[in-house]
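This report goes through the packing, the chain contact and some backbone features of a model. The structure is shown first.

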Amino acid sequence: MASRKISYREAVNEALAQEMERDSTVIIMGEDVAGGAGGQGEDDAWGGVLGVTKGLYGKFPGRVLDTPITESGYIGAAVGAATRGLRPVAELMFIDFAGVCLDQIMNQAAKFRYMFGGKAVTPVTIRAMYGAGLRAAAQHSQALYPLFTHIPGLKVVIPSSPYEVKGLLAQSIRDNDPVIFCEHKAMYDVIGEVPEESYAIPFGEANIVREGDNVTVVAIGRMVSMAEEAAKKLESSGISIEIIDPRTVSPLDLDAILESVENTGRLVVVDEASPRCNIATDISAQVVSEAFGDLKAPVKMVSPPHVPVPFAGSLEDLYIPSAQDIVNAVKTVTEWSK
Amino acid sequence: MTNDQIQRVTMPKWGLSMESGKVTEWLVSEGDELEKGQDVADIDTDKIAGTLESAWSGVVRALVVEAMVDVPVGGTIAVVAPADVPQEEIDAVVAAAKEQLASGAIEDESGPKVAEVHVDGRSISYAVLGDTESEATPVVFVHGYGGDKNSWLFVQEPISADRATYALDLPGHGASSKDVGDGSVATLASSLVGFVNELGLPRVHLVGHSVGGAVATVAAADPATLGKVASLTLISPAGYGPDINAGYIRGFAEAETRRELKPHLQQLFADQSLVNRQLIDDLLKYKRLDGVDAALALIVAALLDGERSAVNVTAEQASFGGKTVAVWGAEDKVVPASNAGSLEGKATVHIVDGAGHMAHAEKPQAVIAAIKEAIGAA
């Protein structure tokens, strides 16, 4: 396994390239994914608003399709193509745009397997950027993955590092069900060790990012790095936290979380999505329901306030859950007494 | 002016990616008499926890770093010298070491270099450590089933002190091609023979662990290496008896998740706590690579005959006829030490207490001593 360090952005690009190399039915569709601003010609074109698909248009002629600015049209086309033997990777650019193509995802792609007696497969991957932190305001900064997690028939993937990006995207493309692949837009320049060879990380298997004995901290996507920062801050107080990255929230590896809580007796869930009906509330409810007897303290959730993501930079910074917020929550559950 | 009786104990480099480590607990105190091979400190890294053993005898004159402080690889952590070396000389060495740690100016050039060669249409990745210009016969390390070139992290460095050492990834493993042909020991051995020839090594000592021990034996008997293999060091080698833990061999190949893999890995060690998160993670990362499933399935099919070993290399060992030293963990639960009887009269066999199948990880000093015995080094 030859590893080297590449960025989260490069990991997306490499997974796409390797899967297109491996399987000629894989195609890419989306707004500006082939061209876009920033380049002189087709081959050196920018490749999407944040340069993620740069270079693929030239490498795979005819398989990287720029679409009109009509999510309802091309997401529908991708879903249809998937039912007819292609493996499209459609880029929804910002996950905030899901509203205009929700029927195609929620009521078509997610349902085909079930409406046609298991005979229809819909191997479509929808990549979308989520998350706050880039001063992109309320319409381009949401973490809407709970919306998709709510819908049976969809798989929802939230990678937390370049290694996870590459292996989970490969698995998303190879999977025969519709997958919503959520990339945090503030993480594209994060660097990490990634094998050069192609590999797939199975869905529904959480990663134990760090082992610890006092508190279980489940963190989603970008929040994993916040939890790691919190773990370092907590070392000096003698509190060791176990960090669990579910990797996929649908399916969810609840067993890994329960096993950890059985050991620690305390749970903090960190989620960047709005606090009502998010992944944190879901995991907290399931753990309380399944492992009430193991808990030594109430479960704490670390999420932003229930408001649209603010545009004012100072407010946006306060909005995003921080390492200090996690430290505070961990201390609350360790110091709790009846 | 430096006194060559003063020895600096430095942060070791255990594995290619290790950049720093911390002493979790000092096992000696200032003023203690230290024997060569004695445990000095427990050291923790991102990847692995291990115990550092002393390379020298002498008195622990100074502990330079506190426990739980991150120290870059190569940084001085303690000073060992005879009792009669004046304290001011020790103080000067400690002061220089602390200054170097504070400045961050530690140049780590000690780590292995990774390269690859092409053998029979496969790329073979390897880590080279030590002086490749040295006159001394080089040592080639051959890992076992599911292992890779990083398996030798506690052993390769000390052996490389006076010679070149090469640790390769067999086909189907590590960063080498995942095509294993029929997956047989003979095919893996021909890759090893090709590797030695491709590097142009006129003479080598082979060190093999588990399946790598069988592979090294077959390679040593290959006409293409006639007169090239100077010695064999075998660590819990496969192919020397019928007893093998088929459940482990199959279980490792089939496990897909942390939960499935962990109980199998615990069978590798006498001390099960050595199976940490990072070891499981690294192996899962390897097992997820495209092509590894198919490679392991072929190797398993060639290794097993029902619940017994399908491999027998005792004839090859006899035809090799050169110096052979074997090391077996007394608590080996994968290729049990009960197989060692077949080597009686043909090899020196050391049974090591407190070690399982991974003696080179659990009791590295015993393995280092066995290799030195085989290669005739002091």
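Which residues have the most contacts inside the largest nonpolar core? In this predicted model, they are A:Tyr145, A:Val270, A:Val330 and B:Val215, in a core of 193 residues. Helix H4 of chain B (residues 211–221) supplies the largest share of this core, 8 residues. A second core, separate from it, has 21 residues, including B:Val9, B:Met11, B:Ala78 and B:Ala81. Leaving aside residues up to four places away in sequence, A:Val330 touches A:Val215, A:Val217, A:Ala230, A:Leu234, A:Ile239, A:Ile241 and A:Val268. In soluble globular proteins, nonpolar side chains tend to be buried together.

The contact between the chains takes 13 residues from chain A and 11 residues from chain B. On the chain A side, 8 of the residues are nonpolar, 2 polar and 3 charged.

Chain B is divided into domain 1 (7–103) and domain 2 (113–375). The centres of these two domains of chain B, taken over C-alpha atoms, are separated by 31 Å.

Most residues other than glycine have a negative phi, and most peptide bonds are trans. Two residues with positive phi are listed here.

| Residue | Phi | Loop |
|---|---|---|
| A:Cys277 | near 55° | between strand E13 (267–270) and helix H10 (279–291) of chain A |
| B:Ser210 | near 60° | between strand E13 (204–209) and H4 of chain B |

A:Cys277 is partly exposed, with 13 other C-beta atoms within 10 Å, whereas B:Ser210 is buried, with 27 other C-beta atoms within 10 Å.

A cis peptide bond, with omega about 0°, joins A:Ser250 and A:Pro251. A:Pro251 is in the loop between strand E12 (248–250) and helix H9 (254–264) of chain A.

Definitions and conventions: Residues are numbered from 1 along each chain as its sequence is written. Chains are lettered from A and ligands numbered from 1 in the order in which they are written. This is a predicted model: local features need pLDDT of at least 70, side-chain atom pairs count only at pLDDT 80 or more; totals for chains, interfaces and linings use all residues. A nonpolar core is a set of buried Ala, Val, Leu, Ile, Met, Phe, Trp, Tyr and Cys residues joined through C-beta atoms within 7 Å. A residue is buried if 20 or more other C-beta atoms lie within 10 Å of its own, exposed if 12 or fewer, and partly exposed in between; C-beta atoms are placed from the backbone. Helices (H or I, at least four residues) and strands (E, at least two) are DSSP runs, numbered from the N terminus. Two residues are in contact if their C-beta atoms, placed from the backbone, lie within 7 Å. Ala, Val, Leu, Ile, Met, Phe, Trp, Tyr, Cys and Pro count as nonpolar, Asp, Glu, Lys and Arg as charged, and the others, Gly among them, as polar. Domain bounds come from an automatic or database domain assignment.
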